[in-house]
Amino acid sequence: MKQLVEIPLLAKDIGREVSAYLNTLTKPIGSLGRLETLAVELAEMTGSRFPVVAPPGVLVFAADHGVTEEGVSAYPKEVTAQMVLNFLSGGAAMNVFSRQIGALFEIVDVGVAEAVDGEGLIARNVRAGTRNFCQEDAMAEEEVIQALNVGKEEAAKMIENGAKCLIVGEMGIGNTTSASALLSVITGKNVKELIGPGTGLNSDQMTKKQSVIERAIEARKPDQNDPLDLLKKLGGLEIAAMAGAMLEAARNRIPIIVDGFICTVAALIANQFDNRASDYMIAGHHSTEPGHKTALEELGKQPLLDLEMRLGEGTGAALAFPIVEAATNMLCEMATFSEAGVSGKSER
Ligand SMILES: Cc1cc2ncn([C@H]3O[C@H](COP(=O)(O)O)[C@@H](O)[C@H]3O)c2cc1C
Ligand SMILES: O=C(O)c1cccnc1
């Protein structure tokens with residue numbers, strides 16, 4: 001299963017050309033800091049000297065988690081389906097930010113427990129939520145593969161429709177529990193260090209969340225190096241779909257802006273399938289969910305923003321998009337010293 005997709009090597013030669021070109025633009029050398037590194041990275045990803053990232057494509061994957069039976073979220077599981085309807089009518093935070101950045105937007109039901117319908121919904125329900133992974137495997141291997149394929153196929157459509165970079169978001173009550181469990185197994189770190197309040201648990205409720213995850217890991221014994229086994233045992237359907245979408249974007253040299261905690265864990269799973277996937281990722285923001293720091297370190301990425309957000313849905317990535325776009329505009333639109341008749345650095 002390792003060779004699920006083939007991700008191309010970064011175009012390092014184009015990156016070197018862009019690095020040299022950046023030094024000819026009318027600014028002190030290196031003065032645009034991380035925008036300059038971003039420009040080089042985007043050139044390496046896309047294979048283009050003048051990369052384009054607009055319009056971005058946003059895919060929000062929604063699914064439920066059987067483990068909510070254990071009382072691991074501050075909100076009832078019905079919120080997943082209710083929020084899907086909110087996404088369809090344009091009222092979620094991610095709708096607002098997607099409109100602001102001119103994104104192509106889709107909401108995908110990959111495993112909502114209750115029947116949901118509405119104009120514009122991409123109905124790809126694999127199963128009505130995962131099983132409670134405290135009691136049994138979250139899903140069957142075949143269901144993991146189906147969810148991965150939903151992600152890949154929806155990303156392929158998004159790219160076909162003109163998206164030049166990809167943002168994947170999620171909606172799934174209980175998914176910080178799945179993501180924390182996955183991260184604990186992947187990194188070998190204690191659950192206690194990685195769990196957080198999610199939607200707003202108090203400290204007693206967090207102790208319960210910790211014990212639920214610890215018991216589940218003990219019972220399921222997932223293989224830390226096998227992404228299929230991890231997803232099958234710990235879920236979730238939307239995390240699998242997000243990983244699939246990121247793999248498809250990377251295969252197409254489409255830059256990915258990674259969102260918060262759940263998205264970064266999905267990115268780690270994608271990287272287990274193909275370790276070139278993270279070459280195509282930019283970390284959008286740092287979420288206040290405690291495990292996010294560890295997840296970002298494991299992915300080897302420095303986030304662009306820290307706005308003390310902890311929502312998910314893709315919101316942190318959407319807010320980082322204008323910075324990513326600024327890096328491409330800088331390359332395309334800035335004058336060189338010779339074009340503008342500006343003197344270069346003094347030779348002493
Ligand atoms: C109204 C509402 C909108 C959301 N949008 C994203 N999430 C976020 O919170 C959930 C994860 O937190 P936990 O694991 O504690 O349930 C996910 O749905 C995530 O996307 C939301 C949560 C709520 C309540
Ligand atoms: O950072 C996230 O993705 C996050 C944090 C808390 C709740 N939902 C999502």
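Q: Hi! Quick one to start: which residue stands opposite Ile256 in S5?
A: Hi! That's Leu166, which stands opposite Ile256 in S5. Bear in mind that this is a predicted model.

Q: Noted. How do S4 and S5 pair, and over how many bridges?
A: S4 and S5, the strand of residues 256-258, pair in the parallel sense, and they do so over two bridges.

Q: And what sheet are they in? What's the strand order?
A: The sheet is an open one of six strands, running S3-S2-S1-S4-S5-S6, with parallel pairing.

Q: Which strands are at the edges?
A: Those are S3 (122-123) and S6 (281-283), and each of them pairs on one side only.

Q: Great. Switching to ligand 1: how many residues surround it, and which are the closest?
A: Ligand 1 has 18 residues around it, and the closest are Ser73, Thr176, Gly198, Thr199 and Gly312.

Q: Which elements give two or more residues to that shell around ligand 1?
A: Helix H3 (78-88), strand S4 (165-171) and helix H6 (175-187) do. So S4 turns up again here, but H6 gives the largest share, with three residues.

Q: What's the mix of nonpolar, polar and charged residues around ligand 1?
A: You'll find seven nonpolar, nine polar and two charged residues in that shell.

Q: Back to H6, then. At roughly what angle does the H6 axis cross that of H8?
A: The axes of H6 and H8 (residues 203-220) cross at roughly 55 degrees, and they come within 10 Å.

Q: Why call the two helices oblique?
A: Angles of 65 to 115 degrees count as roughly perpendicular and those under 35 as roughly parallel; H6 and H8 cross at roughly 55 degrees, and therefore they are oblique to each other.

Q: Left-handed or right-handed crossing?
A: H6 passes H8 in a right-handed crossing.

Q: Which residues meet there?
A: From H6 there are Thr177, Ser180, Ala181, Ser184 and Val185, and they meet Lys209, Val212, Ile213, Ala216 and Ile217 of H8. By type, the residues of this contact are six nonpolar, three polar and one charged.

Q: Nice. Now ligand 2: which residues are closest?
A: Gly260, Phe261, Ser287, Glu289 and Gly312 are the closest, out of 14 residues that surround ligand 2. Gly312 is also listed among the closest residues to ligand 1.

Q: Which helix gives the largest share of the ligand 2 shell?
A: Helix H11 (residues 261-273) does, with three residues.

Q: Last thing: how many charged residues are in the shell around ligand 2?
A: Three are charged, alongside four nonpolar and seven polar ones.

Key
Residues are numbered from 1 along each chain as its sequence is written. Chains are lettered from A and ligands numbered from 1 in the order in which they are written. This is a predicted model: local features need pLDDT of at least 70, side-chain atom pairs count only at pLDDT 80 or more; totals for chains, interfaces and linings use all residues. A residue is near a molecule or strand if its C-beta atom, placed from the backbone, lies within 6 Å of it. Helices (H or I, at least four residues) and strands (E, at least two) are DSSP runs, numbered from the N terminus. Ala, Val, Leu, Ile, Met, Phe, Trp, Tyr, Cys and Pro count as nonpolar, Asp, Glu, Lys and Arg as charged, and the others, Gly among them, as polar. Axes are lines fitted to C-alpha atoms, for helices over the stretch in contact, and angles run from 0 to 180 degrees between N-to-C directions. Angles under 35 degrees count as roughly parallel, over 145 as roughly antiparallel, 65 to 115 as roughly perpendicular and the rest as oblique. A crossing is left-handed if the near helix is turned anticlockwise from the far one by less than a right angle, and right-handed if clockwise. Two residues are in contact if their C-beta atoms, placed from the backbone, lie within 7 Å. Two strands pair if DSSP finds at least two bridges between them.
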